[in-house]
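Work through the exercises below with the sequence and the model side by side. Each task is followed by its solution.

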Amino acid sequence: DKVCGQLFATRHKQHRKYGNTVYSKQSIETAIKKVSDANFLTSLPDPPNTPTHTVTFGSLQCLHTSLFMAGRYNKYSRELPQTPWFVEGERKQSTSVQELLSAILNNTVKAQDLKFSSSGREDVDVRCLGVGRPFVIEFINPRHTLLTQTQVAVLQCAVNESTHLVKLRHLQIVDKKDVKYLKEGEEEKTKTYCALCLSTQGYNTAAIDKLNELSEVSVEQKTPLRVLHRRPLATRTRIVHTITAVPIDLHYFKLYLTTQAGTYIKEFIHGDLGRTNPNLRQVTGVDLDIVALDVENVALDWPPKCSE
């Protein structure tokens with residue numbers, strides 16, 4: 001703490017994030033790399049001082065190494081957040097994707113705590129279809145670490161039979177070193193969406209034609225107003241690779257999009273009061289809004305497929 005006091009003071013304050021690992025091996029190695037030789041030697045001279053008293057241990061704690069379980073999930077509800085959703089301490093939904101998955105899995109693993117990570121996230125009102133979104137759960141200090149793939153497959157079935165809101169596939173145990181693939185190429189991978197769009201004033205075939213002519217559109221997006229309370233203000237450049245518009249009636253049409261990961265689809269359609277440029281309201285000259293959105297594919301080939 002004398003050498004790297006500020007770093008560990010910050011970790012001490014973040015109880016929920018670092019409650020079990022304030023002084024982890026990785027955090028200590030990271031902290032030492034940031035310390036200059038001169039500062040290091042002020043507290044830890046070379047050669048070291050002669051000890052004046054014996055070393056004693058106040059307590060000894062034994063922990064299992066973390067267990068990592070990965071797979072892909074589908075979300076079929078438009079009222080289900082990915083992780084527990086609280087606003088000013090008040091819970092907004094009764095459950096989440098994370099809780100629906102981890103509750104049954106942890107009944108077997110019996111971990112002290114867990115961390116849920118995924119390849120991006122969808123809004124609470126967005127379904128995740130297709131082959132699902134890749135995710136990994138880190139079970140911290142688990143009591144059971146030796147699970148066969150057959151046992152994991154049984155857990156997957158138990159989750160799928162417990163709810164109609166989510167579905168698991170390709171659930172498996174993975175090595176810690178392989179978790180990096182979940183976030184690798186975060187901005188390079190593509191995602192495919194289907195959006196149901198509405199024009200209350202109606203639209204004509206010319207508007208549809210303009211949309212179908214678009215490809216490789218570079219979009220500048222300021223942080224959307226709807227997430228500005230929890231994300232820093234910034235302008236991000238994203239690419240919309242393909243757009244296909246399919247009419248339904250005089251007011252509704254479907255929009256199929258393939259975009260760079262991290263693109264705000266809702267704002268690309270309605271413009272977010274001009275914070276996204278260009279947007280489809282500008283392109284068509286028609287007052288557009290989005291009624292429903294589905295994620296149809298996350299182009300990340302991880303984790304490996306398992307026989308279902």
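**Exercise 1.** Which residues on the other side of helix 6 are exposed?

*Solution.* This is a predicted model, in which local features need pLDDT of at least 70 and side-chain atom pairs count only at pLDDT 80 or more, while totals for chains, interfaces and linings use all residues. Residues are numbered from 1 along each chain as its sequence is written, and side-chain values use heavy atoms, with hydrogens and water left out.

Step 1. Check the helix. Helices (H or I, at least four residues) and strands (E, at least two) are DSSP runs, numbered from the N terminus. Helix 6 covers residues 149-162, and its 14 residues should span 20 Å at 1.5 Å a residue; the end C-alpha atoms are 20 Å apart, which agrees. The expected span is 1.5 Å times one less than the number of residues.

Step 2. Find the buried side. V152, L155, Q156 and V159 are buried in helix 6 (buried is under 20% relative accessible area, exposed over 50%, partly exposed in between; 1.4 Å probe, protein chains only). They cover an arc of only 100° around the axis, which puts them on the same side of helix 6; the arc is that of the directions from the helix axis to the C-beta atoms.

Step 3. Read off the other side. There, T150, V154 and E161 are exposed.

Step 4. Identify the cover. Helix 5 (97-109) and strand 6 (166-174) are among what covers the buried residues of helix 6.

**Exercise 2.** Describe the aromatic pair of Y73 and F116, then that of Y203 and F253.

*Solution.*

Step 1. Count. The whole structure has 4 aromatic pairs. Rings of Phe, Tyr and Trp (its six-membered ring) pair if their centres lie within 6.5 Å; planes under 30 degrees apart count as stacked, over 60 as edge-to-face and the rest as tilted.

Step 2. Classify the Y73 and F116 pair. Their ring centres are 6.5 Å apart and their planes are at 45°, so the pair is tilted. Y73 is in strand 1 (residues 67-75) and F116 in strand 4 (residues 111-118), so the pair ties together parts 43 residues apart in sequence. Both Y73 and F116 are buried.

Step 3. Classify the Y203 and F253 pair. This aromatic pair is edge-to-face, with 5.2 Å centre to centre and 75° between the planes. Y203 lies in the loop between strand 7 (190-198) and helix 8 (205-212), and F253 in strand 10 (residues 252-260), 50 residues apart.

Step 4. Compare with the burial cut-off. Y203 is buried at a relative accessible area of 14%, and F253 is buried at 2%.

Methods. Contact means heavy atoms within 4.5 Å.
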